[in-house]
Amino acid sequence: MKTQLGLRQNWQQFSLLVLVNAFVGGMVGLERSILPQLALQEFGIASSVAVFSFIVVFGLVKAVSNYYAGHFANQVGRRKLLILGWVFAIPIPFLLMWAPSWNWIIAANVLLGLNQGFAWSSTVTMKIDLVGDKNRGLAMGINEFAGYISVGLVAFLTGWIAQNYGIRPYPFYIGIAFVGLGLGLSIFFVHDTQGHVATAVGESHVPQLKSIFWETTWANRNLGSITQAGLVNNLNDGMVWGLFPMLLLSKGFSLAEIGVITAIYPAVWGLGQLGTGKLADLICQRDLLTYGLLLQALALVGLIWAVSFFQFVGLSVVLGLGTAMVYPTFLSAIATHTHPLDRAKSLGIFRLWRDSGYAVGALLTGVLSAYFSYSISIASIAGLTVLSAVIVWKRMRC
């Protein structure tokens, strides 16, 4: 019997992968709001360059593991790579709880990058395999919703726990549950999707790429436009991840308030993708990417002058909406412009460059913050985001 493609036809496996990806996102949320404060309180590290080091390491490792997850997806199978991603996650909560030095925190973020690269990449590729062409954007919206709403909720929860019970070890207990559930579901209930790939190959009319790496990176005007936008998106997210808590600390906000503000951005990002993912199936993907990037730039500029709690909450909402417009569109658009046999590799290459943006953004922000000011850092990243939007608008085709 021929394997069927479609969201309705594969809803059980799709729903299971959504749940697994929520646990993957939760692993990032563990440290999203409290790690800069942990660096200061536990290890006496106040330098922005040193604090940003954990994001640089995470971004580089995740970027490379994304590439290899895509490269080996067809040979090894998506499910095995998903399980491998969870195996890498096993020590993470224990390292964060018991780390005697900042180098242990860096080691935890090496493992977190491997976990995110292999596990998140696998769930993305498997969902694209399952749903076929019709609801690809919706599928990516649901996938990214699950991951980033989890990031936001866990960031809020760890901030609240840290405020009330101490910054270690209690906020990281949640991670033990995530690893156990994610690994268990992946081993015992998730099925591979190679049969769905074979069906998609028979139905596809998209030609295969001659040079997958270079065409995805830049040479293909659509794929290259998407890839540079992905890098810039994560460049500004890397800045927000590291600088936002430090900026709020400098303005006198409590850990609980910082937890709320930093959680709103990924929460809106996550929720918004339920709508914007479907939009990517209905309207020009170029338009969604362009306007989403411009909305991000607007919110970033607003951070320079914001002073009150509610101003920062409002800007977090705007930033989350802008990111929600682009994030599922990236993945849907890459899949639209690639043959099923090229798709996993092309997604891996896109995610290689996209998540390199974490490292670039963290390094750039750390250096500019150390030698100039938070405002110069934010303005510089906002300018790069506007430039990326212009490239998409001029180069990409609907």
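Are D355 and K62 buried or exposed? I would like to start there, and I should say at the outset that what we are looking at is a predicted model. In this model D355 is buried, and K62 is buried as well. The two side chains meet in a salt bridge, with 3.1 Å from N to O. What I find worth pointing out on the screen is where the partners sit along the chain: D355 belongs to helix 16, which covers residues 340-371, while K62 belongs to helix 3, residues 48-71, so that the pair links distant parts of the chain, 293 residues apart.

Let me put that contact in its setting, which is a total of 7 salt bridges in the structure. Another of them joins the side chains of K278 and D281, here with an N to O distance of 4.0 Å. Both residues lie in helix 13, residues 255-282, and because they are 3 residues apart in that helix, about one helical turn separates them. As for their surroundings, K278 has a relative accessibility of 26% and therefore counts as partly exposed, and D281, with a relative accessible area of 24%, is partly exposed too.

A further salt bridge brings together the side chains of D287 and R286, at 3.4 Å from N to O. Here the two partners fall into separate classes, since buried means under 20% relative accessible area: R286, at 17%, is buried, whereas D287, at 23%, is partly exposed. Coming back to the residues I opened with, salt bridges that share partners join K62 and D355 with R354 into one network.

Now to the helix packing. In general, a pair of packed helices is described by two quantities, the angle between the axes and the distance between them. For helix 14, residues 285-305, and helix 17, residues 374-395, the angle is about 165° and the axes are 8 Å apart. That angle makes helix 14 roughly antiparallel to helix 17, given that the cut-off for this label is an angle over 145 degrees. Which residue classes make up the contact of helix 14 with helix 17? Sorted by class, the contact has 17 nonpolar residues, together with 5 polar and 2 charged ones. The handedness of the crossing between helix 14 and helix 17 is left-handed.

To close, I would keep two pictures in mind: the buried pair of D355 and K62, whose salt bridge links helix 16 with helix 3, and the roughly antiparallel arrangement of helix 14 and helix 17.

Definitions and conventions:
Residues are numbered from 1 along each chain as its sequence is written. This is a predicted model: local features need pLDDT of at least 70, side-chain atom pairs count only at pLDDT 80 or more; totals for chains, interfaces and linings use all residues. Side-chain values use heavy atoms; hydrogens and water are left out. Axes are lines fitted to C-alpha atoms, for helices over the stretch in contact, and angles run from 0 to 180 degrees between N-to-C directions. Helices (H or I, at least four residues) and strands (E, at least two) are DSSP runs, numbered from the N terminus. Angles under 35 degrees count as roughly parallel, over 145 as roughly antiparallel, 65 to 115 as roughly perpendicular and the rest as oblique. A crossing is left-handed if the near helix is turned anticlockwise from the far one by less than a right angle, and right-handed if clockwise. Ala, Val, Leu, Ile, Met, Phe, Trp, Tyr, Cys and Pro count as nonpolar, Asp, Glu, Lys and Arg as charged, and the others, Gly among them, as polar. Buried means under 20% relative accessible area, exposed over 50%, partly exposed in between (1.4 Å probe, protein chains only).
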